[in-house]
Structure formats: C-alpha cells, structure tokens
Amino acid sequence: MAEAISHGDFDTVRVQVTSEDEIGLLAQSFNLMAEGLRDRQRERDIFGRAVSPEVREQLLKGQLALGGETRTCAVLFSDIRGFSSISEQMTPQEVVTFLNEYLTAMTNAIRPWGGYINNFIGDAILVIFGAPVDYPDKEWRAVAAALTMRQCLKELNQHRAARGEVIIESGIGISTGEVVAGQVGSLERLMYTTIGDAVNVAARLETMTKDYLGHPILIEANTARALQDRDDILIKSLGSMQVKGRIEPVDVYTIIDWKNPAPIKTAIEPDEGETL
C-alpha cells in the first residue's frame with residue numbers, strides 16, 4: 001500500500017482495518033494520510049487551473065516576489081474579430097461553449113512553446129513569454145506560438161464550417177520590453193500579472209491588424225531584432241506607425257509564415273532546473 005502511495009495512487013489505496021491494537025491504529029492513520037494526500041493533490045490541480053501551473057509551482061516554492069520584479073518579456077495579445085456581432089446571435093450558454101472551444105484550441109497552441117497565459121479577457125488572450133519562467137529565446141517562442149495559433153484556428157474553422165457555423169478571424173500583436181511581473185491586488189485577492197509598455201503596445205498592434213488585411217500577426221522592432229538571425233521565419237517591415245496612446249511611433253513588422261514546414265512542438269523543453 002505504501003508503494004502504491006509513492007506512485008501517486010491516492011484514490012483507491014486503503015488498508016483494511018481488522019483490529020483495534022497498535023496495528024489497527026497504524027492502519028487507520030495510514031488511511032487518513034492517503035485521504036489527506038488525495039485532497040491536497042486535488043487542491044493542487046484545481047489551483048493550477050486557476051493560476052496556471054507555472055505560477056502555482058513558483059508560489060508553492062515561495063519564489064514569487066510580492067510587489068513584482070522587473071523582467072524583459074515578449075507579450076502576445078490576441079483577439080477575435082467581430083466577437084460582439086458573433087455573440088449577439090447566441091444565447092449566453094452558446095457563447096460560453098463557443099469561447100471554451102476556441103480558448104481550448106488556442107491554449108493547446110500556446111502551451112508547448114512555454115507561454116504563460118496571464119489572462120482571458122472575454123475573447124482576448126494575454127500571454128507572457130519570460131515570466132514567471134524566463135527563456136533566452138522568448139521572442140521566437142512568442143512568434144512560434146502565434147503561428148501555431150493561426151494553424152490551430154484554421155483547423156478549428158474547418159470543424160466549424162462542417163457544422164455550418166461562422167468562421168472565426170483573429171488578430172495577434174507581439175511586443176518585447178521591460179515589464180513588472182508579480183503579485184498585484186489586495187491582501188484578500190492577489191493575481192500574478194505583468195504591467196508595462198510592452199503589454200500596451202502588444203494590444204495596440206493587435207488592434208492594428210484590422211487595418212492590414214492578410215497580416216494577422218504584427219510585431220515591433222525589439223521582437224524583430226531578436227529574430228533577425230533566424231532563418232525559419234519570414235518577416236516583412238510595414239514601416240513606422242503612430243500607435244494610439246504613444247507619442248513615439250512604432251516600427252511595425254508582419255510575420256508572414258514559416259520559411260520551411262512548421263516545426264513540431266509537442267512539449268515544453270525544460271531549461272536546466274525547470275520542472276514540468
């Protein structure tokens with residue numbers, strides 16, 4: 001029974017109590033321990049769904065600084081085109097089903113590249129590459145995730161078309177820069193999030209994709225510079241643009257596609273010391 005517990009079997013392992021002596025008391029204590037471990041594992045799993053596995057592990061290890069720390073991150077912001085028009089034709093339950101299917105597909109595209117899904121804002125997705133886990137190639141991971149999202153959306157739309165449902169269009173903006181990443185909120189309610197200009201620029205770039213039909217993925221200069229030595233992604237400059245909310249113009253680039261067939265990415269490749 002102890003060996004089964006060591007392999008993570010908390011649900012079915014129970015010792016039969018056949019006496020009231022010391023061995024019987026030991027058996028009862030063993031069963032209570034198994035139930036406690038099962039409950040803790042269940043709470044851990046639920047916690048991981050609420051805050052993401054990366055943040056869960058960092059919190060449990062006490063490695064997240066309250067108040068935040070400065071990090072250089074690649075920020076990805078994605079949004080559905082015309083979501084309000086689509087949703088007004090649905091019941092609330094249908095909207096939830098629609099969003100769950102879409103967000104599940106996008107999550108499956110993002111997770112293998114190590115992106116931390118910071119937030120679902122209705123139909124919008126905010127993803128951070130570089131916090132809470134840092135990657136030296138964070139910009140490439142963000143762009144690779146964006147291209148994978150486009151491929152997953154194409155496949156999802158094929159299923160939707162076969163069901164006679166409306167096709168989904170989306171835009172993606174990616175920006176790299178310094179952000180403050182950490183716990184924000186109150187003593188009663190904390191949330192791990194990122195704050196900084198890179199987040200705002202990513203959101204603005206996503207909005208700009210509406211004006212550049214055929215260019216659903218836009219990035220800025222910092223991200224483009226980090227990719228300049230790569231030979232697997234096609235990038236095109238769209239010039240300097242004025243972005244709403246910023247005084248200085250932003251050099252905008254579009255990600256066209258992979259140069260070669262898309263790489264297969266089925267699992268996050270852990271950095272040294274990282275636990276999956």
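A biologist asks a modeller how the terms used for this structure are decided.

Biologist: What kind of model is this, and how are residues numbered?

Modeller: This is a predicted model, in which local features need pLDDT of at least 70 and side-chain atom pairs count only at pLDDT 80 or more, while totals for chains, interfaces and linings use all residues. Residues are numbered from 1 along each chain as its sequence is written, and side-chain values use heavy atoms, with hydrogens and water left out.

Biologist: How many helices and strands does the chain have?

Modeller: The chain has eight helices and eight strands. Helices (H or I, at least four residues) and strands (E, at least two) are DSSP runs, numbered from the N terminus.

Biologist: What makes Glu-206 and Arg-81 a salt bridge?

Modeller: A salt bridge needs a side-chain nitrogen of Lys or Arg within 4 Å of a carboxyl oxygen of Asp or Glu. The closest N and O atoms of Glu-206 and Arg-81 are 2.9 Å apart, so the pair is a salt bridge. The pair links distant parts of the chain, 125 residues apart: Glu-206 is in helix 7 (residues 197–208), and Arg-81 is in the loop between strand 1 (69–80) and helix 4 (83–87).

Biologist: Why is Glu-206 called buried?

Modeller: Buried means under 20% relative accessible area, exposed means over 50%, and partly exposed lies in between (1.4 Å probe, protein chains only). Glu-206 has 2% relative accessibility, so Glu-206 counts as buried.

Biologist: Which other residues of helix 7 are buried, and how do you know that the helix has the expected span?

Modeller: Besides Glu-206, the buried residues of helix 7 are Ala-198, Val-199, Val-201, Ala-202, Leu-205 and Met-208. The expected span is 1.5 Å times one less than the number of residues. For the twelve residues of helix 7 this gives 16 Å, and the end C-alpha atoms are 16 Å apart, so the two agree.

Biologist: How many salt bridges are there, and what about Arg-160 and Arg-230?

Modeller: A search of the whole structure finds ten salt bridges. Glu-165 pairs with Arg-160, their closest N and O atoms being 3.3 Å apart. Arg-160 is buried at 3%, whereas Glu-165 is partly exposed at 33%. Asp-232 pairs with Arg-230 at 3.0 Å between the closest N and O atoms. Here Asp-232 is buried at 16%, and Arg-230 is partly exposed at 33%. Salt bridges that share partners also join Glu-101, Arg-160, Arg-163 and Glu-165 into one network.

Biologist: Why is the pair of Phe-83 and Phe-98 called stacked?

Modeller: Rings of Phe, Tyr and Trp (its six-membered ring) pair if their centres lie within 6.5 Å; planes under 30 degrees apart count as stacked, over 60 as edge-to-face and the rest as tilted. The count by this rule is two aromatic pairs. The centres of the Phe-83 and Phe-98 rings are 6.1 Å apart and their planes lie at 15 degrees, so this pair is stacked. Phe-83 is in helix 4 and Phe-98 in helix 5 (residues 92–110), so the pair ties together parts that are 15 residues apart in sequence. Phe-83 is buried at 16%, and Phe-98 is buried at 4%.

Biologist: What makes the pair of Trp-113 and Trp-140 edge-to-face?

Modeller: Trp-113 and Trp-140 have 5.3 Å centre to centre and 85 degrees between the planes, so the pair is edge-to-face. Trp-113 lies in the loop between helix 5 and strand 2 (116–121), and Trp-140 lies in helix 6 (residues 138–162), 27 residues apart. Trp-113 is buried at 2%, and Trp-140 is buried at 12%.

Biologist: How do you know that Arg-141 lies over the face of Tyr-135?

Modeller: A charge sits over a ring if NZ of Lys or CZ of Arg is within 6 Å of the ring centre and within 35 degrees of the ring normal. Arg-141 lies over the face of Tyr-135, at 3.8 Å from the ring centre.

Biologist: Is Asn-31 buried or exposed, and which residues is Asn-31 in contact with?

Modeller: Asn-31, found in helix 2 (residues 22–51), has a relative accessible area of 13%, so Asn-31 is buried. Contact means heavy atoms within 4.5 Å. Leaving aside neighbours within four places in sequence, Asn-31 is in contact with Arg-14, Val-15 and Val-17.
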